[in-house]
Amino acid sequence: MSTTAEIKIDGQTYEFPVITGTEGEKAIDISKLRDLTGHITLDFGYKNTGSTKSAITFLDGEQGVLKYRGYPIEELAEKASFLEVAYLLIYGELPSKETLDKFQKEISMHTLIHEDMKKFFDGYPSKSHPMAQLSSLVCSLSTFYPESLEPNQTEEEKNLTIIKMLAKMTTIVAFIYKKSLGHPLIYPKNKYDYITNYLWMTFGQRTEDFEPNPKVVSAMNKLLILHADHEQNCSTSTVRMVGSAHTGLFASISAGVSALWGPLHGGANQAVIEMLEKIKADGGDTDKWIAKAKDKNDPFRMMGFGHRVYKNFDPRAKIIKKACDDILESLGINDPVLEIAKKLEQAALTDQYFIDRKLYPNVDFYSGIIYRALGIPTEMFTVLFALGRLPGWIAQWKEMRTNKEPIGRPRQVYVGDVDKHMK
């Protein structure tokens, strides 16, 4: 088997090494292409370009496979807690019980945010988008912890910054939600685990006792695990690119939040609910809208079905479908929008048109339904996506810095005007 690839340019042949990943992925290493040939590659959207070697996440879209550090996503979602998965992604191994307890305690001790951060909310317009607030608030952590800006932190200092980021994210997310309602802020409690603490700060009231629903806790745990990392997507690549300039963790994560905000990336589960609302407003005739989706001349597209990476069934959707069914049954919700969702799901799973094109319900379809069932506003959906993706962003930032990767600097092919001069 050849271990090199040949490129012929103007009659001259150049050889480049072919490297193979641990899961059999192959890549042509063109790191010296420009130095040797004077040429670069052109790859819009970097669809065929590997920007790094990573040991964090493996994704095979053709086979519907997703693994974190070698562990199948199915096993982690079934047997692990979100913090176990966060530790796995960031530090490379599943924690022992003793290590996990210590990790949980460290995070619990740093969940409070500086009281001055509450003043930011007073300056935001009442209709501010939650993702704009999240990006701003996460970046502002740099001002409260200026030591995090030091590019040559010790491992202990770097780890403390990571702990603070994980700990304060739940508080920031919950505070954004509470402020949108005009409710008093609920402070974290160290006695709760990570997920329960978030639910307490989000749905708890100062006037009432809080009793978390175990099925809600379980569903949130699974949702966050399923979103924890997804290889070199737009927001993850953004975190690595920004971090490659030796930018601090808080600012790098803030950049990832901004990238995730886009409707082509993290806003998909919000788009699902907006589509369902549109169908409801039109009378709720799902057959009509399924027919529109099949009509190639109709611009309507079913949101939450199929995936640009997975050419098979999204493995995360298989896992979260059961959690979605459990939540709807447990809460006994009577919502016409969710009834429409069930009809669309059934059609996608049984209609040959969708089966042939592998347009199965994806994780965004089910996560949007769960969030709506819990009473979370659609504008908060992407914020919860960011909460789940946080460990992956941290892990990718940490790996990039540990490997001392160079600053990101893509090339371009210039196609503008030439030889212009001022008169």
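**A small sheet, some salt bridges and a few cysteines**

Colleague: In strand 6, which residue is the bridge partner of lysine 67?
Modeller: Keep in mind that this is a predicted model. Strand 5 and strand 6 pair in the antiparallel sense, over 2 bridges. Look across to strand 6 from lysine 67, and the bridge partner there is proline 72.

Colleague: And in strand 5, what is the bridge partner of phenylalanine 58?
Modeller: Strand 4 covers residues 57-60 and strand 5 covers residues 65-68, and they pair in the antiparallel sense over 4 bridges. In strand 5, phenylalanine 58 has as its bridge partner lysine 67.

Colleague: Which residue in the hairpin of strand 4 and strand 5 takes a positive phi?
Modeller: Go to the turn of that hairpin, where 4 residues sit between the strands. The phi in question is near 70 degrees, and the residue that takes it is glycine 64.

Colleague: Which strands stand at the edges of the sheet?
Modeller: The open sheet has 3 strands in the order 4-5-6, with antiparallel pairing. An edge strand has a single partner strand, so one side of it is left without a neighbour in the sheet. That description fits strand 4 and strand 6.

Colleague: How confident is the model, and where in the chain is confidence lowest?
Modeller: The chain averages a pLDDT of 93, and 100% of the residues score at least 70. Confidence is highest in helix 3 (residues 82-91), at 98. The lowest mean is 85, and that belongs to helix 14 (residues 315-331).

Colleague: How many disulfides does the count come to?
Modeller: A disulfide needs two cysteine sulfur atoms within 2.5 Å. Take cysteine 139: its closest cysteine sulfur, in cysteine 234, is 18 Å away, so that is too far for a bond. The count of disulfides comes to 0.

Colleague: Is cysteine 324 buried or exposed?
Modeller: Buried means under 20% relative accessible area. Cysteine 139, at 34%, counts as partly exposed. Cysteine 324 has a value of 3%, so it is buried.

Colleague: Which residue forms a salt bridge with glutamate 106?
Modeller: Side chains of opposite charge can pair when their charged atoms come close. Here the closest N and O atoms are 2.9 Å apart. Both residues lie in helix 4 (residues 97-108), 4 residues apart, which is about one turn of the helix. The partner of glutamate 106 is lysine 102.

Colleague: What about arginine 372, which side chain does it meet in a salt bridge?
Modeller: This pair links distant parts of the chain, 37 residues apart: arginine 372 is in helix 17 (residues 363-373), and its partner is in the loop between helix 14 and helix 15 (336-350). Arginine 372 is partly exposed at 22% relative accessibility, whereas the partner is buried at 13%. The N to O distance is 2.7 Å, and the partner is aspartate 335.

Colleague: Which residues do salt bridges that share partners join into one network?
Modeller: A search of the whole structure finds 21 salt bridges. Through shared partners, some of them make one network, which joins Arg240, Glu399 and Glu405.

Colleague: What accessible area does the nonpolar patch on the surface have?
Modeller: Leu42, Phe44, Val413 and Val415 form this patch. Valine 415 sits in the segment after helix 18 (381-402), and counts as exposed at 77% relative accessibility. Together, the residues of the patch have an accessible area of about 490 Å².

Key. Residues are numbered from 1 along each chain as its sequence is written. This is a predicted model: local features need pLDDT of at least 70, side-chain atom pairs count only at pLDDT 80 or more; totals for chains, interfaces and linings use all residues. Side-chain values use heavy atoms; hydrogens and water are left out. Two strands pair if DSSP finds at least two bridges between them. Buried means under 20% relative accessible area, exposed over 50%, partly exposed in between (1.4 Å probe, protein chains only). Patches are made of residues with over 30% relative accessible area and no salt bridge: like charges are joined within 9 Å, nonpolar side chains (Val, Leu, Ile, Met, Phe, Trp, Tyr) within 5 Å. Accessible areas come from the Shrake-Rupley method with a 1.4 Å probe; for residues, only the protein chains shown count as cover. A salt bridge is a side-chain nitrogen of Lys or Arg within 4 Å of a carboxyl oxygen of Asp or Glu. pLDDT is the predictor's confidence in each residue, from 0 to 100.
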